[in-house]
Amino acid sequence: MLAKKYFPEFTHKLVDVGDGIKINTFVGGQGKEAILLLHGHPETCIMWRFIAPKLAEKFTVVLTDLRGYGDSTKPQGLPDHSNYSKRVMANDQVAVMEQLGFSRFHLAGHDRGARVCHRLLLDHPEKVLTCTLMDILPTYDMYRDTNQEFATKYWHWFFYIQPDGFPEKLLSADPEFFIHFNLQRKIGPKARERFSEEILQEYTRCFSDPMTIHGISEDYRASATIDMEYDLLDRDTIIKTPLLVLWGANGVVGSLWDVLAGWQERAENVSGFGVPECGHFVPEEQPEIVLEAMCNFLTKYNEE
């Protein structure tokens, strides 16, 4: 497990959150306050390799693999995809934090992890001190506003949701090709050196497990079905937790949407900016900028 190399001062745990699900977890730092970091697709917690060690100087940092990803459990999806709903995935993370002794914590997520953060904010607002969301708008809004450019560049949103094992079968044919293809298409203009072959091979290792591909497909299937139902019910809920929103200035989301305005419609306390010379993988491409922004934000709302 390559993550042990990048987080040598962190303790590794497999946290049992019930129903046979174990969440791969790393814990480091000595701070009284904790921050939970959630990764995106098709990655694992190792995506925080530039961020987590620095945050651990002031906070207790918790890194996890989402269910279906990395070295966490990958259950067979249910017919309605409910066991991969963002509600269930958020509950996994709440259970991890409770078992680690944190009833309230800071939260940050990129891509799919940020979507889990969004649901956690809606379902468990009392648990979240602050939240940093990276390179997303609400899933409901992005599906609603889909146009040809978005569908072309985010083709995988519509590929993964196909039924009957279709994406699983095709992607299992050459996982390494997919990992290289997907990441290289979304990386910004000056960050390719951040993604060493060692890192790409670690992502490939996880993606080579057929159940990982199934878990990821179920994550996306849930987003297009049961998650949309939950999100529609919460359309009038205004998030009160302070939000920091960051997006890649050269990425698809920032080019197609006004990200700050989009979140200001859904929350009452929002700040953020487009990260310069950056594509989709914000915390891996521009970790120095992201870390400075997060530290300033967290300091502002630190309860100590």
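## The largest pocket

A pocket is an open set of grid points with protein on both sides within 12 Å along at least five of seven lines, and its lining residues have an atom within 4 Å of a point. In this predicted model, the largest pocket holds about 200 Å³ of space. Its lining consists of K153, Y154, R185, K186, I187, G188, N250, G251, V252, S255, G279 and H280.

Two helices, α9 (175-186) and α13 (252-256), each give at least two residues to this lining. Sorted by class, the lining of the largest pocket has 6 polar, 3 nonpolar and 3 charged residues.

## Cavities

The model has 3 cavities of 30 Å³ or more. The largest cavity has a volume of about 90 Å³. Around the largest cavity lie H118, L122, P138, Y140, D231, D234, R235, T237, I239 and R266. This lining is made up of 4 nonpolar, 4 charged and 2 polar residues.

The second largest cavity has a volume of about 80 Å³, and its lining is formed by K86, R115, H118, R119, T139, S223, D227 and D231. Two elements, α4 (112-123) and α12 (226-233), give two or more residues each to the lining of the second largest cavity. The largest share, 3 residues, comes from α4. No residue of this lining is nonpolar; 5 are charged and 3 are polar. H118 and D231 appear in the linings of both the largest cavity and the second largest cavity.

## Helix α12 and its cover

Which residues of α12 are buried? They are I226, D227, M228 and D231. Of these, D227 and D231 also line the second largest cavity. The cover over the buried residues of α12 includes the helices α3 (86-99), α4, α5 (139-144) and α11 (210-224).

## Helices α3 and α4

The helices α3 and α4 pack with their axes 8 Å apart, at an angle of about 80°. Angles of 65 to 115 degrees count as roughly perpendicular, so α3 is roughly perpendicular to α4. On the α3 side the contact involves K86, R87, M89, A90, Q93 and V94, and on the α4 side R112, R115, V116, R119, L120 and D123. The residues of this contact comprise 6 charged, 5 nonpolar and 1 polar. Among them, K86, R115 and R119 are also in the lining of the second largest cavity.

H118 is another residue of helix α4. Is H118 buried or exposed? Its relative accessible area is 10%, and buried means under 20%, so H118 is buried. Apart from its neighbours within four places in sequence, H118 is in contact with L133, P138, I239 and W263. P138 and I239 are also among the residues lining the largest cavity.

## Backbone details in loops

Most residues other than glycine have a negative phi, and most peptide bonds are trans. The peptide bond from H41 to P42 is cis, and its omega is near 0°. P42 sits in the loop between β3 (34-38) and α2 (52-55).

Two residues other than glycine have a positive phi: D135, near 60°, and E277, near 50°. D135 belongs to the loop between β6 (128-134) and α5, while E277 belongs to the loop between β8 (270-275) and α15 (282-285). With 2% relative accessibility, D135 is buried. E277 has a relative accessible area of 38% and is partly exposed.

Key:
Residues numbered from 1 in each chain as written. Predicted model: local features only at pLDDT ≥ 70, side-chain atom pairs only at ≥ 80, totals over all residues. Heavy atoms only, no water. 1 Å grid on protein atoms, 1.4 Å probe; cavity = no way out; pocket = protein on both sides within 12 Å on 5 of 7 lines; lining within 4 Å. Points joined across faces, edges and corners; volume = space filled by probe spheres on them. Helix = DSSP H or I, 4+ residues; strand = E, 2+ residues; numbered from the N terminus. Nonpolar A, V, L, I, M, F, W, Y, C, P; charged D, E, K, R; others polar. Buried < 20%, exposed > 50% of the residue type's maximum accessible area, 1.4 Å probe, protein only. Contact = heavy atoms within 4.5 Å. Axes fitted to C-alpha atoms, helices over the stretch in contact; angles between N-to-C directions. Parallel < 35°, antiparallel > 145°, perpendicular 65-115°, else oblique.
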